Amino acid sequence: MSLLIQYTILYASVLILVALGGCFSEHSGVINLGLEGIMVMGALGGALTMKYLIGYPPVVIVILTILAAAVTGLVFSALLAVACINFKADQTIVGTALNMLGLAAATVIVKAINIAENPDNVSSTVQYIAQKKAFLVNIGGFDFNWMMLVALVILIAAYIVLYKTKFGLRLMACGEHPQAADSVGINVYKMRWSGVLISGVLGGLGGIMYIIAGASEWQFEAGVAGFGFLALAVMIFGQWKPHRIALAALLFGLFRALASVYSGFDFLLSLQLSGSIYKMMPYIISLIVLALTSKRSRAPKAEGIPYEKGQR
Amino acid sequence: MNKEKRSLLKNDGVQSFIASIICILLGLLLGYVVLLFINPAGAGEAITSLVKNFFNYPNTTIALKYFGSTLVKTAPLLMCSLSILFAYKVGLFNIGAAGQYAFGAGIAIYAALAWQLPWWVCLLLAMAAGAVLGTISGILKSYCNVNEVISGIMLNWITLYAMNDLLTNVKESASPYTMHIESVSPQSIMPTLGLDTLFSNNQYVTISIPISIIIAIIVYIVMEKTKFGYELKATGFNKNAAKYCGMAEKRNTILTLLIGGGLAGLGAGLFYLTGFEQWSCGQSAVPAMGFNGIAAAFLGGLNPIGSIFSSYFIQHITVGGAYLDKSMYCTQISDLISSIIIYLCGFVLFMKFVMNNIAAKREEKAKAAAKAAEQEGGNE
C-alpha cells in the first residue's frame, strides 16, 4: 500500500510539473504540444549530469541535476518559441516536430556517447544507480524524493505567480485577448516568450523526475511514453488552474502507479488481467475524463493563434 | 521572358517545391553538422552513404533489389502521409495516424495468421480497423470537444498495448515476433503480378506499390475536383461559415477522420501483407510510420502527388540510415534528419512570404523600369 502511495505521489508530481508548464504556455497563448520532447531533453540533460557526477556530495548532485534538466528544457523550448512566436509557424506542426526531434536527438546523443566509450555498446541507455540515491530520503519506509518537494513548491509558486502578480495577470491577458493587452502597453511577444520558456523549464524538470521515478537507468529510445500528452490531458481536466491541476494529477498519477505496482496486490492479481490492461489504464481514463469534461472547457481564448502586431 | 519568371515565383506550387527543397537541404546540412560533432573522421562518407541508400551496392542487380525494398516501405508511408494531409486540409491534425496504422497492422496480421483469410479480406479489415479508430477521434472531437491530437495520442498508446496482447496469440514460441505469413497462410500474401521480376526477383514487391499510388491520385481528385472535397475543405477553412452554408460540419469532421483512419489502416495492411516485416509483440513504442507520415505530408507541400515523392525521399534516407558505419554512428541519424525537416516545414509559411515579397519587389522594379523607359521614349 505504501508503495502505491509513493508511486502515486511520484507520478502525480511529474504530471503537476509538466501540466503547469503547459498551463503557463497556454495562458500566454501558445499551445505547447512539444512537452513530450521537452521532457525527453530535460531528462537527457539531467541524466548526463548524473552520469558524470560520480562521488560528489548528494546536495551537489541534486542541485546540479535539477539545474541541468531545467536549462536543457529551457533551451529546447526556445525552438518552439522562435518558430511559433516570431515566425508564426503552425503550433501543432512545430510541437509535433519537437517531440520527434527530442526523441531522435536524445537517442543520437546517448548512442554517440556510448559508442565513443565502447564501440560494442550500441544501447541508448544511461545509468545513474548511485547518483539517483542522492534524491531519496527514507522516512519510515516511505522513499521521499526531493523532486516531490520541488513539485510542491512550484505548484504554490505557480498559483501565486498566475493570480497574485502583475506578471501572471499580464501573461493571462496575452492568452485571452492579445490585442487588448498590447493596447495597454504589454509586450505580447515578450510575454509569450516567457510563457513558453517557463513551460520548457517545468517540462525539463518533469522529464528528469519521470526517469528517476521508477528506474536507475533509462533507455532513451523509449522516450517518456506519452507522459507529455497525459500532462496536457491533466491540464485540460484541471481547467488551466493550478489547484485543480494538482487534484487531476493525483487521479492520473494513481492510475499510472497501479501499472507499476499492481502485481503487489492480491485482489488485482486474482482478477487475472493482463499487464497491458494496467498500462492502458491512464490513457483510457484520460480519454473518458476528457470526453466528459471538455464540453465546458475554459481554454484561453487566443491560444493557438499567432499574434501579429497591427492586426485587428 | 522576365515576366514568365516573375509569375513562376508567385505560383503556389513552385513556392511549395522551392520551400521543400530548402527544407531538405537544410535538414541534410544540419544532419551533417551533427555527424561532424559525433565523429568528424567519417562524417562526409556517412552522409553520402545515407543519401545513396541502395546505390551503395556497385552491383546493379542487388541495388535494384534493395530499391524494391525501399519502395515496399514507401507504400505504407505514402498512405500515412495521405491520411495526415487529408485531415489537415479539413483543419484536423490526425496524429492518431500512428495508432490507426498500428490497429490496421494488428488486425491484418491477426486475420492472416489466425483465420488465414485471403489477402484482400485482410486488407479491407485493416482499412476498417483504422477507420474505426479514426471515427472514435472524430466523434470525440465533434460531440465532446476533445482535441483530436490528444485523443489521437491516447488512442495510439491504447492500441499499441492492445495489439501487443492480441498478436501474442499468433507469435512464434521462441521469439517476440509474429509468425511468417507466407509460411502459415500463403493466400494472405498480396500477389506480385510479375512486379517482383522487375526488381531482381524481390518477392516483397507486390501490388501494394501501384495501389498506394492510385489511391494518392484518387485522394487528389476527391480533394480538388469533387463537391465532397470542396465541402470538407470549406469546413476546414471556417467551421461556422460551413455550418451557415448548410454543410453538416460535425458529420464532415467525423467523416474526415474516418477516411484518414481508413487510409492509415490500409497502409498498414499494404505493408504487413507483403510479409516484409513481422510485428514484435514486445514493442514499447508505436510504429514510427505514422509520425514519419507527418514529415512526408508537409514536405510534399500537402499535395497528394507531392506526397508520392516526399514519402519516397523520407523512406530513402530512413533506409539509408542502415548503411552508416555502425562503429561510429547510429541509424537514428535519419530519424533526426527527418524530424529536423518537419521542424523546418513549420517555416514554410514564412518562406512563401519572403518569396512573395521578392516577387512583388521584382515586379515593382520592372514596372518602374518600364515607366522610365516609356518616359525616355516620350522625351525623344
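**Reading salt bridges, pockets and patches in a predicted model**

The side chains of B:Glu224 and B:Lys233 form a salt bridge, 3.4 Å from N to O.

User: What makes a pair like that a salt bridge?

Analyst: Side chains of opposite charge can pair when their charged atoms come close. The criterion here is a side-chain nitrogen of Lys or Arg within 4 Å of a carboxyl oxygen of Asp or Glu. A word on the ground rules: this is a predicted model, where local features need pLDDT of at least 70 and side-chain atom pairs count only at pLDDT 80 or more, while totals for chains, interfaces and linings use all residues. Residues are numbered from 1 along each chain as its sequence is written, chains are lettered from A and ligands numbered from 1 in the order in which they are written, and side-chain values use heavy atoms, with hydrogens and water left out.

User: Are B:Glu224 and B:Lys233 buried or exposed?

Analyst: Buried means under 20% relative accessible area, exposed over 50%, and partly exposed in between (1.4 Å probe, protein chains only). B:Lys233 is buried at 18%, whereas B:Glu224 is partly exposed at 36%.

User: How many salt bridges are there over all chains?

Analyst: The whole structure holds 6. One of them joins A:Glu221 to A:Lys111, at 3.8 Å from N to O. A:Glu221 sits in the loop between strand E4 (217-219) and helix H10 (227-237) of chain A, and A:Lys111 in helix H4 (91-117) of chain A, so this pair ties together parts 110 residues apart in sequence. Helices (H or I, at least four residues) and strands (E, at least two) are DSSP runs, numbered from the N terminus. A:Lys111 is buried at 9%, while A:Glu221 is partly exposed at 33%. In chain B, B:Glu148 and B:Lys141 also meet in a salt bridge, at 3.1 Å; here B:Glu148 is buried at 8% and B:Lys141 is partly exposed at 27%.

User: You mentioned helix H10 of chain A. How many of its residues are buried?

Analyst: 10 of its 11 residues are buried, so H10(A) is largely enclosed by the rest of the structure. Among them are A:Phe227, A:Phe229, A:Leu232 and A:Met235. After H10(A) comes A:Gln239, with a positive phi near 55°.

User: Now for empty space. What volume does the second largest pocket have?

Analyst: Rolling a probe the size of a water molecule over the atoms shows where empty space is left. On a 1 Å grid over the protein atoms alone, a pocket is an open set of points where a 1.4 Å probe fits, with protein on both sides within 12 Å along at least five of seven lines; lining residues have an atom within 4 Å of a point. The volume of this one, the space filled by probe spheres set on the points, is about 1700 Å³. It is lined by 48 residues, and those closest to its centre are B:Ala285, B:Val286, B:Pro287, B:Ala288 and B:Asp335.

User: Which element gives the most to that lining?

Analyst: H4(A), with 6 residues. Elements giving two or more residues come from both chains, including helix H2 (35-52) of chain A and helix H16 (333-345) of chain B.

User: And which element gives the most to the nonpolar patch?

Analyst: H6(A), with 7 residues. The patch covers about 780 Å², and its members include A:Val137, A:Trp146 and A:Ile160. Nonpolar side chains (Val, Leu, Ile, Met, Phe, Trp, Tyr) are joined within 5 Å, using residues with over 30% relative accessible area and no salt bridge. Strand E2 (136-139) and helix H6 (146-164) of chain A each supply at least two residues.

Terms used: Patches are made of residues with over 30% relative accessible area and no salt bridge: like charges are joined within 9 Å, nonpolar side chains (Val, Leu, Ile, Met, Phe, Trp, Tyr) within 5 Å. Accessible areas come from the Shrake-Rupley method with a 1.4 Å probe; for residues, only the protein chains shown count as cover.
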